[in-house]
Every structure is written in structure tokens, then in C-alpha cells.
Amino acid sequence: MVSSDLSHYLPYEDARSRDRDTAGAILRLQPNLVPDEACGAAPINGLLEVARRRGLCAELVDLRNSGDTAGDRDRVVGYGAFAFREAAHG
């Protein structure tokens, strides 16, 4: 398991855009995230590399930020939940 926030302290809409881009990279198993995209970029990149090598696929479970859950939308923190599973063959 790997845990990390995504964007930090951006205005709500900027965070949504950046986090959508980050989620896209995760779903494509592209291990090239930088700390501005996720504070835990290094462990996420490691997970993505292992997932790619093992033929796993990523699925987005949810993508939100603190503006969706805790109020203030001036400076939010992004969160994403992803599941990794074996790719379907056929």
C-alpha cells in the first residue's frame, strides 16, 4: 500500500485540474510524478513501476479535495484513491 496526498494549497479549481492530470498519469502507469503533483511522488512512482512490470492496471476509486469535504476552497489538499488489479485478458 502507498499513501500520499496529491496537490497542496492550490485554489479549488486549480487543484481539481492538477489532480485530474495526476490521476491520469497514475491510471496510465506513468512513473514520472513530481512532488508538486503528489507529496509522495517517489513511492507512487515506485508503485507505478512495479504495477507496470507486473501487468497490473489501475482503477480510479475516487478523486476529491479538502474543498469537497471540509469547507474552505481557497487552499485545498487533493486526495485520490486507486485500486490496482490484474489486467483482464481476452
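**Entry 1: the fold.** I started with the secondary structure and counted three helices and three strands in the chain. This is a predicted model, so I read everything below with that in mind. Going from the N terminus, I noted the order of elements as β-α-α-β-α-β.

**Entry 2: overall dimensions.** Next I looked up the extent of the C-alpha trace, which spans about 45 × 25 × 20 Å along its principal axes. I also checked the radius of gyration: the chain has 13 Å, and this agrees with a compact globule because one of 90 residues would come out near 12 Å. For burial, I found that 33% of the 90 residues count as buried.

**Entry 3: contacts along the sequence.** I wanted to know how much of the contact list links distant parts of the chain. Among contacts with a separation of 6 or more, 59% are between residues 24 or more positions apart.

**Entry 4: surface and charge.** The accessible surface comes to about 5,700 Å². Carbon and sulfur atoms hold 48% of that surface. I then turned to the charges, 11 positive and 14 negative, and found their mean positions 5 Å apart.

**Entry 5: the nonpolar core.** Which residues make up the largest nonpolar core? I listed 11 residues: Leu 6, Ala 25, Ile 26, Leu 29, Leu 33, Ala 38, Ala 41, Ile 44, Leu 48, Ala 51 and Ala 58. Helices α1 and α2 each supply at least two residues of this core. The most comes from α2, which gives four residues.

**Entry 6: a closer look at Ile 26.** I picked one core member, Ile 26, and looked up its contacts beyond the neighbours within four places in sequence. Ile 26 touches Leu 33, Ile 44, Leu 48, Ala 58, Phe 82 and Phe 84. Of these partners, I recognised Leu 33, Ile 44, Leu 48 and Ala 58 from the core list.

**Entry 7: two positive phi angles.** I went looking for backbone oddities and noted Leu 29, which has a positive phi of about 55 degrees although it is not a glycine. Leu 29 sits in the loop between α1 (12–27) and α2 (41–53). Is Leu 29 buried or exposed? Its relative accessible area is 9%, and the cut-off for buried is under 20%, so Leu 29 is buried. Leu 29 also belongs to the core of Entry 5.

Tyr 9 has a positive phi too, about 60 degrees, and is likewise not a glycine. I placed Tyr 9 in strand β1 (residues 8–10). Tyr 9 counts as partly exposed because its relative accessibility is 48%.

Notes
Residues numbered from 1 in each chain as written. Predicted model: local features only at pLDDT ≥ 70, side-chain atom pairs only at ≥ 80, totals over all residues. Heavy atoms only, no water. Rg over C-alpha atoms; globule rule 2.2 N^0.38 Å. Buried < 20%, exposed > 50% of the residue type's maximum accessible area, 1.4 Å probe, protein only. Contact = heavy atoms within 4.5 Å. Areas by Shrake-Rupley, 256 points an atom, 1.4 Å probe, with all protein chains shown as cover. Lys, Arg positive; Asp, Glu negative; His and termini not counted. Charge placed at Lys NZ, Arg CZ, Asp CG, Glu CD. Core = buried A, V, L, I, M, F, W, Y, C linked by side-chain atoms within 4.5 Å.
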